[in-house]
Number of protein chains: 2
Amino acid sequence: MTETDKDQCDLLDGLRRGRPAAGQDPVKRSQIIEGARRVFIDKGFEAASMNDITREAGVSKGTIYVYFANKEELFEALIEEERGTIFKNMYDMLDRADDLRETLVKFGKVLALKITSAKVVQAQRTVIGASDRMPELGARFYERGPKRGHDKVVAFLNAAIERGLLKIDDVDLAAYQFTELCLAGLFRQCIFAYRTKAPSQDEIDHIVRSGVGMFLKAYGTERLATEESTQTIALEAKS
Amino acid sequence: MTETDKDQCDLLDGLRRGRPAAGQDPVKRSQIIEGARRVFIDKGFEAASMNDITREAGVSKGTIYVYFANKEELFEALIEEERGTIFKNMYDMLDRADDLRETLVKFGKVLALKITSAKVVQAQRTVIGASDRMPELGARFYERGPKRGHDKVVAFLNAAIERGLLKIDDVDLAAYQFTELCLAGLFRQCIFAYRTKAPSQDEIDHIVRSGVGMFLKAYGTERLATEESTQTIALEAKS
DNA sequence: GGGCGATCGAACCGATCGGTTCGAATATTT
DNA sequence: AAATATTCGAACCGATCGGTTCGATCGCCC
C-alpha cells in the first residue's frame, strides 16, 4: 500500500468528496469492473463484447475507455482483482501454530471449498482460456495466487519440521502433494464442467481427512505420534 | 449403380476408390480437421475464424460446410478426435499384472508426461476455455478421457487388493489420490502457463517415485512388503 | 469423350466487433 | 449564476465474423 494511497483515500471515507479527475474515480472504476466481471467471467475474453459490459456496468462506452485503454487492459485489471479476492485470507490459518493435524485439515477444507466453488471455477476457466492468447496473464495469476499459497504451505511445513513433527526430504514437493491430496481430482472435475455442482462439505471433509492422514503417515515423526496420542488421551480423560 | 451400392463400396475398403459422396470422403474430412486443429488449438474457439481454418486446411469454405454444419460442430468433432488420440493406449500397462510398485511408477510417468506435454496442455486449455459456453463438451471430454482412465486405475487397484497387496477403504478416492500425487502441481502449473516448458523426465521421475512411495506406504499391506523384499533379495543375489 | 458431381474460390450477406467522436446533459467549483 | 470538467448516449468507423451462393473447374465413371 504505497503508490495507491491517494486512491485509497477515496475508498476510506467511502463517499465521493470532491470531483475526481477523469478516469480517477474509484467508485466508477469498481462499477466498470463489476460489469466486466459479469460479462467476462461467464463468456470468456473473446466472446465478451464491450457493449455487453457497457450495458451491464451502466456506464457509457466512452467513459470505460477513459478508465481503461482497451478491452485487454480492462480484462487484466479484472483478473488482477479476482485473484486478490479469491486468495485473500485463504492461508491465514497456517500462521497459527496449533495442533498440526487439525490445522492441515482445516486448511485443506478451506482450500478445497474455495477452489471448487462455482464462482472461482468460472474465474479460473476464464483465465485458463485466455492463457492461450495471453500467457503472461495466466502466469501472473498463478504466481500471485496459487504460487504464493504454495510458498506459505512450504513455510508452514518447514516450521513443523523445525518443531520435530515432520521429516521431509523435498519440502517443495511435499507441499504440492499435500495440496493435491486435498483436491484429489475435484479441480479437474470442476474445471472441465464434469461436475456441475461444487462438492458438498461432507465430501470435502472425507477427502481432506484421508489426504491429511496419508500425508502424515508419510512424513510424520515419532514425536508427532506421541503428541497426538497424548492429546487423544487428554481428550478421552475429559469426556 | 445405385447410391447404396456406392456407399457400400466406400464402407468396405478403407481407401479412396471411386468418388465418395459429398461430405463423405474421410481423407478430406481429416484434412479439414487437421486445419481446424492448428487454428482452434492455439487460438481457442472464439478467436479462431473459419477463414483461418479454410486457409490452414487448404480446403474451400464451401466444402467445409458440406462436411460440418457449422463452426461449433467442427470444433466438437475436433475435440472428440483429440480426446481419442490423447488417451489412446495411455492405460495399457495397467492390464499387465507385473510388479506393483514398478507398474505404478511406469504408469505414473506416462501419465504425467502426457498430461503436461505442450500439445496436450494446449488442447486441454482449449477445452476448458470452451467449457464456459459449451459445458457438455467439457463434460464429455472428461468423461470419455480422464474419467475412463480413472476407472481403469480403480480396476487395477481392486485387482491388487484381491491379490492382497493393498488395503484400501475408499478405492475411488485412492485412485484420485494416486493420480494427483503423480502430477503434484504440474497440471495446474502447465495449464495456467506458469510453466512455459513441459517438465523434464528427471523431474517427473522424482515426483512419481515419491508419490508412489507415499501411496504404498499408506495402502500397502504386509504381504506387499514381503514380496518386495523378496524381490530385492533375488536381485541382490543375481548381481 | 461426354456427363455427372464434388470441389473450388471469390463475392456477398447481415451482424457484430473494438474503438472513436462529439454535442448534450449533468454536477461540482468558484 | 457562471465557468469548468466528467459523463452520457448515440451515431459512426473500418474490419471481420459465420455462413451462403453460384458459376468455373476438375476428375472419376460409364
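Searching the whole of this predicted model turns up seven cavities of 30 Å³ or more. Two of them are described here in turn.

The largest cavity has a volume of about 270 Å³. Its lining is made up of 22 residues. Those nearest the centre of this cavity come from both chains: Phe45(A), Glu46(A) and Gly129(A) from one, Glu46(B) and Gly129(B) from the other. The helices behind this lining can be found in each chain as well. In chain A, helix H2 (26-47) and helix H7 (118-130) each give at least two residues to the lining of the largest cavity, and in chain B helix H2 (26-47) and helix H7 (118-130) do so too. Sorted by class, the lining of the largest cavity holds 10 charged residues, with six polar and six nonpolar ones besides.

The second largest cavity encloses about 120 Å³ of space. It is lined by 13 residues. Nearest the centre of the second largest cavity lie Pro146(A), Gly149(A), His150(A) and Thr179(A), together with Arg188(B) from the other chain. The elements that supply two or more residues to this lining are helix H6 (100-115), helix H9 (146-162) and helix H10 (171-183), which belong to chain A. Of the elements lining the second largest cavity, H9(A) has the largest share, with four residues. By class, seven residues of the lining of the second largest cavity are nonpolar, four are polar and two are charged.

Methods: Residues numbered from 1 in each chain as written. Chains lettered and ligands numbered in written order. Predicted model: local features only at pLDDT ≥ 70, side-chain atom pairs only at ≥ 80, totals over all residues. Heavy atoms only, no water. 1 Å grid on protein atoms, 1.4 Å probe; cavity = no way out; pocket = protein on both sides within 12 Å on 5 of 7 lines; lining within 4 Å. Points joined across faces, edges and corners; volume = space filled by probe spheres on them. Nonpolar A, V, L, I, M, F, W, Y, C, P; charged D, E, K, R; others polar.
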